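Hi,

Here is the structure I promised to pass on. Have a scroll through it first, then read my notes below.

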Amino acid sequence: MDQAEAASGTVKYLSRGNFDSWSTRTIKESGIIGGNTVTLQDIGGIWGTSNVWAKVKGVVKTNVSVYKDTHPGHGNCAKLYTHLVECKVLGLINIKVLAAGSVYIGKTIEPIRDTKNPMSKLNAGMEFTGRPKALIFDYKVKLASSPNRIRQNGIGGPSTVTGKDMADCVLYLQKRWEDANGNIYAKRVGTLVHRFTSNSDWKNNAKFTIRYGDIRNQKFYNAAWALTSGANTKFAKNSKGVMKPIKEIGWAAANETPTHLVLQFDSSHGGAYVGSIGNTLWVDNVRLAY
């Protein structure tokens, strides 16, 4: 398979899923906000991150919430961190945004022009026809101590969101198609959602089962596993290169073959602009078990 760099038996690594190879980009922020020169670390290949640059009202600003870190005995890993990004120019712009660290399969459409509809700026997923049984990866977790989260999207001050922040992992196998107008539709073939609810030192070779078909009557099912809708709707480029929402319209048969794989890891689980400052997730050695 072209997305596998290494294979051992029925376990196949996702390309660059060992997070040992990183590249860097140097972005100079606008002089009006200090003119700092910022280095963004990127995984590259099939992976996008929340390390991006924005240009809002002519002002260039960066966000760094994913870092190359060390996994003892395993080389490099990805460190995902939730923090506040501030951009202030007297009389022109005054924005504070909560940003979670994310690594995902896909690409970010840069530069970011505003804080509206953040999902529309992420080209989510890749072509994929496999039917893996499980996702395996190594992880470490450090959660913020706050019992509640905040929502801060740059419009007004922070508001309280009930419930403790958690890091998460989300995997969808989708069967996508496109209509004559370029709209993208999908049925959900396979699903995996895991939320990290407590602090943990490195856990290597953690294995999480992918569930196939309509899972709504299963004991483990809850709203986190549901079809995407509203603000959680993911986007992708259609055959004409235009970003379109991926409209998940139902559940595929359990034996269906997918066309795309969506996979992401986040330091906060509540969606865009929601989380607790300091939440941290380390991830390494991402592979699929067949």
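Of the 290 residues in the protein chain, 52% are buried. Keep in mind as you read that this is a predicted model.

If you go looking for helices, you won't find any: the chain has zero helices and 26 strands. Its radius of gyration is 19 Å, close to the 19 Å that the globule rule gives for 290 residues, so the chain is as compact as a globular protein of that length. Along the principal axes, the C-alpha atoms fill a box of roughly 60 × 50 × 40 Å.

A few more whole-chain numbers. Take the contacts between residues at least 6 apart in sequence: 69% of them join residues at least 24 apart. The chain exposes about 13,400 Å², and carbon and sulfur atoms supply 49% of that area. There are 38 positive and 21 negative charges, and the mean positions of the two sets are 4 Å apart.

Now for the strand I'd click on early. How many of the residues in S12 are buried? Six of its seven are, so S12 is mostly covered. Strand S12 covers residues 102-108, and here is what it pairs with:

- Strand S5 (residues 47-49) runs antiparallel to S12, with three bridges between them. Tryptophan 47 has isoleucine 105 in S12 as its bridge partner.
- Strand S24 (residues 260-266) also pairs with S12 in the antiparallel sense, over three bridges. Here serine 102 is matched with aspartate 266 in S24.
- S13 is antiparallel to S12 too, again over three bridges. Lysine 107 has asparagine 123 in S13 as its bridge partner.

A textbook point to keep in mind while you rotate the view: in a regular strand the side chains alternate between the two faces of the sheet.

Follow the chain from S12 into the loop that leads to strand S13 (122-124), and you get to proline 111. What is the peptide bond from glutamate 110 to proline 111, cis or trans? That bond is cis, with omega near 0°.

Next, a small sheet that is easy to trace by eye. Three strands make an open sheet in the order S17-S16-S25, with antiparallel pairing. Its edge strands are S17 (159-161) and S25 (274-275), and each of these pairs on one side only. Strand S16 (residues 149-151) is joined to S25 by two bridges. To spot the link on screen, look for arginine 151, whose bridge partner in S25 is valine 274.

The loop between S24 and S25 holds histidine 269. Is histidine 269 buried or exposed? Its relative accessibility is 12%, and because buried means under 20%, histidine 269 counts as buried. Leaving out residues up to four places away in sequence, histidine 269 touches Arg149, Lys164, Asp165, Met166, Asp168 and Arg195.

Two residues have backbone angles that I'd like you to look at. Phenylalanine 19 has a phi near 55°, a positive value in a residue other than glycine. You'll find phenylalanine 19 in the loop between strand S2 (11-14) and strand S3 (23-28). Lysine 57 has a positive phi as well, of about 55°, and lysine 57 isn't a glycine either. Lysine 57 is in the loop between strand S6 (52-56) and strand S7 (59-63).

What about their surroundings? Phenylalanine 19 has 0% relative accessibility, so this residue counts as buried. Lysine 57 is exposed, with a relative accessible area of 62%.

Last stop: cysteine 87, which is in strand S10 (residues 83-89). At 9% relative accessibility, cysteine 87 counts as buried. Try the distance tool from there to threonine 62: the two are 25 residues apart along the chain, and their C-alpha atoms are separated by 9.4 Å.

That's the tour. Shout if anything doesn't match what you see on your screen.

Cheers

Key
Residues are numbered from 1 along each chain as its sequence is written. This is a predicted model: local features need pLDDT of at least 70, side-chain atom pairs count only at pLDDT 80 or more; totals for chains, interfaces and linings use all residues. Side-chain values use heavy atoms; hydrogens and water are left out. Helices (H or I, at least four residues) and strands (E, at least two) are DSSP runs, numbered from the N terminus. Buried means under 20% relative accessible area, exposed over 50%, partly exposed in between (1.4 Å probe, protein chains only). Two strands pair if DSSP finds at least two bridges between them. The radius of gyration is taken over C-alpha atoms; the globule rule is 2.2 Å times the number of residues to the power 0.38. Contact means heavy atoms within 4.5 Å. Accessible areas come from the Shrake-Rupley method with a 1.4 Å probe; for residues, only the protein chains shown count as cover. Lys and Arg count as positive and Asp and Glu as negative; His and the chain ends are not counted. The place of a charge is taken as NZ of Lys, CZ of Arg, CG of Asp or CD of Glu.
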